[in-house]
Number of protein chains: 2
Amino acid sequence: MDTAKQYLIENGIKPSVQRLAIMMYLLEHRTHPTVDEIFNDLSKSIPTLSKTTVYNTLKIFAEKGAILSLTIDEKMVRFDGYNQRHAHFRCLNCNKVFDIPLNHDVEFPKEEATKDFQNIETHVYHRGYCSECTKEKKKIK
Amino acid sequence: MDTAKQYLIENGIKPSVQRLAIMMYLLEHRTHPTVDEIFNDLSKSIPTLSKTTVYNTLKIFAEKGAILSLTIDEKMVRFDGYNQRHAHFRCLNCNKVFDIPLNHDVEFPKEEATKDFQNIETHVYHRGYCSECTKEKKKIK
DNA sequence: AAACAAACTTGTAATAATTACAACTTTGTA
DNA sequence: TACAAAGTTGTAATTATTACAAGTTTGTTT
């Protein structure tokens, strides 16, 4: 709670009730939730919450670098409040997104063709079948 | 042309006129085009082409492993017919997607937590500003 | 404390990528 | 030639996201 507040301030984000709730949600739910999931869950405790606010807030968080927005899912953006280096894995069957250790840094190459590029962020995405789905041979098709 | 035909057959895809045209388009245009770009360009030579066919076809290609579908763009999927190991970079200003050398393989970690995972594909995405946009200081905001 | 502006939130309507689906066409084969 | 399977097409539906204008909250000046 105070951690979340602190964290927002550190990242130059003014902590409103809604922002705090969303940030806390992300810190507590390491499930890479979608806008819909966040909105549905938080609506229970904040009935006046608007989905637009969730969109606006997550956009600001990502712009300020407080969270990551993941495009590992074709349909919708997912969000991640975990700020250590790690990769992601999406199960093609159950669609869950997992944190995966990333042991070596993936650097942006310093080469002639890319030397004037300004790299901001790097993501590593794995896709396949998670242990559950592999075991249960739920691999449709 | 024959290369494309060959390539489709090798990947277990029956080469129709439309499929061949789309595969050739991808081999010739290393621009990571969207469905819309492919559809608009190919419509000129194949006026009867349907956008649904483009969607269907690209989906099959990706499922068969003949092409890559990239989710580096939040709004829409992009496609890549280049099958050597490489990373991607999207410019946050001009939105172009570039191929970037990937010098070291990014392996899926063999650890307790992930040992039963079945990894199918791994993508490395960079986001930032390309050389053009960096130079021209078009970095909005 | 009242007045005011700036920042933030809300709800609805618009946009746009993608999918569903049913009809039509082409291809391969008996 | 006839038929079934596979492929294509166009339209309608779905759905994530954004635009926008009105309402609310917050902080500051007096």
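This report describes the protein surface around DNA strand D and the cysteines of chain B in a predicted model.

## Basis of the model

Local features need pLDDT of at least 70 and side-chain atom pairs pLDDT 80 or more, while totals for chains, interfaces and linings use all residues. Residues are numbered from 1 along each chain, chains are lettered from A in the order in which they are written, and side-chain values use heavy atoms, without hydrogens and water.

## The surface near DNA strand D

Around DNA strand D there are 16 residues, and those that come nearest are Val77(A), Ser16(B), Gln18(B), Arg19(B) and Thr53(B); a residue is near a strand if one of its heavy atoms lies within 4 Å of it. Sugar and phosphate make up 73% of the atoms of DNA strand D that come within 4 Å of the protein.

Among the contacts with phosphate oxygens of DNA strand D, a backbone N or O atom of Val77(A) lies at 2.8 Å, and a polar backbone atom of Thr48(B) lies at 3.0 Å. A base oxygen of DNA strand D, in turn, is 3.1 Å from a polar side-chain atom of Thr52(B).

## Cysteines without disulfides

Over all chains the count of disulfides, meaning pairs of cysteine sulfur atoms within 2.5 Å, comes to zero. Cys130(B) forms no such bond because its sulfur is 3.8 Å from the closest cysteine sulfur, in Cys133(B), which is too far. Cys133(B) is also in no disulfide, and the nearest cysteine sulfur, that of Cys91(B), is 3.8 Å away.

Definitions and conventions:
Polar contact = N/O pair within 3.5 Å; in protein donor to acceptor, adjacent residues only side chain to side chain.
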